[in-house]
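Biologist: I have a structure open and would like to go through it with you. Can you put it up so we are looking at the same thing?

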Amino acid sequence: MVRRNDQRRAALVDAAIEVLAREGARGLTFRAVDGAAAVPPGTASNYFAGRDELLTQAGARVYERLQPDEATIARQRTAGRDRETYAVLMRELVGRIASFRTGYLALLELRLEATRRPELRAVLTERVRADLAANVAYHEASGLPGDATAVKLLYLALNWLIVEQLTLPDVLSEAEREELVTAAVERIVPEV
């Protein structure tokens, strides 16, 4: 029987994210999650039907935690509609994602695990497609310069920049990363 204490479930999923980031998908066991959540042994197995459910919920929780807060969204809606504003938004986005280091590393682990688990690949593919479509729709509604292709190119370029920052942080300095984000926007997004 699967339990329904939503706060405990969220704590277990957050612990799963930490385990994924620290030990990889192979290290994600109910016992490891129980330990990371500081709950009695066997607790995670009472909340999740299996490891696949835990993997899937961990991925969903990362996306949930990466969403900008209402203040950020409100500020973006009142900002300018030029490339410089776009570059500022992209630098903020990279910073927000990079600041949730364990979440992004957990997502990378989930992506690697998805190459071996067709069910997980299907769930992640659907989630990433939906996220990308939402980003394109938000962009088109915002009035910022550029089209859907520019959004997708920035998505791909900035994702790798974030991977570099989180896995090999000394390859590029913070100043270089910020300059690269600005350069990516300037080269990909046409001037209006």
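Modeller: Here is one place to start: residues 29-48 are 65% helix and 0% strand, and the C-alpha atoms at the two ends of the span lie 11 Å apart. Keep in mind that this is a predicted model.

Biologist: Which annotation covers residues 29-48?

Modeller: UniProt, in an unreviewed entry, annotates residues 29-48 as "DNA-binding region". That label comes from the record and may be inferred rather than shown by experiment.

Biologist: What does the record give for residues 6-66?

Modeller: The unreviewed UniProt entry has "domain: HTH tetR-type" for residues 6-66. In the model that span is 77% helix and 0% strand, with its end C-alpha atoms 20 Å apart.

Biologist: Back up a bit. How many helices and strands does the protein chain have?

Modeller: The chain has 10 helices and zero strands. Read from the N terminus, the order of elements is α-α-α-α-α-α-α-α-α-α.

Biologist: What box do the C-alpha atoms fill?

Modeller: Along the principal axes, the C-alpha atoms of the chain fill roughly 60 × 35 × 30 Å. Of the 192 residues, 40% are buried. The chain exposes about 10,800 Å², and carbon and sulfur atoms supply 54% of that.

Biologist: Now H2. Which of its residues are buried?

Modeller: Ala32, Val33 and Asp34 are buried in H2.

Biologist: And what do the buried residues of H2 pack against?

Modeller: They pack against helix H1 (6-23), H3 and helix H4 (51-66).

Biologist: What is the phi of alanine 38, just after H2?

Modeller: Alanine 38 has a positive phi of about 55 degrees, although it is not a glycine. Most residues other than glycine have a negative phi. Alanine 38 sits in the loop between helix H2 (30-37) and helix H3 (43-47).

Biologist: Is alanine 38 buried or exposed?

Modeller: Exposed, because its relative accessibility is 70% and the cut-off for exposed is over 50%.

Biologist: Different topic, the nonpolar core. Which residues of the largest one touch the most other members?

Modeller: Leu20, Leu28, Val33, Tyr86 and Met90 do, in a core of 52 residues. The largest share of this core, eight residues, comes from helix H9 (residues 148-167). In soluble globular proteins, nonpolar side chains tend to be buried together.

Biologist: Take leucine 28. What does it touch, leaving out residues up to four places away in sequence?

Modeller: Leucine 28 touches Ala16, Val19, Leu20, Val33, Arg51, Leu54 and Leu55. Val33 is also one of the buried residues of H2.

Biologist: And leucine 161, where is its place?

Modeller: Leucine 161 is in helix H9. It counts as buried because its relative accessibility is 10%, and buried means under 20%.

Biologist: What is leucine 161 in contact with, apart from neighbours within four places in sequence?

Modeller: Val94, Leu172, Arg177, Leu180 and Val181. As for valine 171, which is 10 residues from leucine 161 along the chain, the two C-alpha atoms are separated by 10 Å.

Biologist: For the whole chain, what share of the contacts with a separation of 6 or more comes from residues 24 or more positions apart?

Modeller: Those residues account for 69% of such contacts.

Biologist: Last one, charges. How many are there of each sign?

Modeller: The chain has 26 positive and 28 negative charges, and the mean positions of the two sets are 6 Å apart.

How values were computed: Residues numbered from 1 in each chain as written. Predicted model: local features only at pLDDT ≥ 70, side-chain atom pairs only at ≥ 80, totals over all residues. Heavy atoms only, no water. Helix = DSSP H or I, 4+ residues; strand = E, 2+ residues; numbered from the N terminus. Buried < 20%, exposed > 50% of the residue type's maximum accessible area, 1.4 Å probe, protein only. Core = buried A, V, L, I, M, F, W, Y, C linked by side-chain atoms within 4.5 Å. Contact = heavy atoms within 4.5 Å. Areas by Shrake-Rupley, 256 points an atom, 1.4 Å probe, with all protein chains shown as cover. Lys, Arg positive; Asp, Glu negative; His and termini not counted. Charge placed at Lys NZ, Arg CZ, Asp CG, Glu CD.
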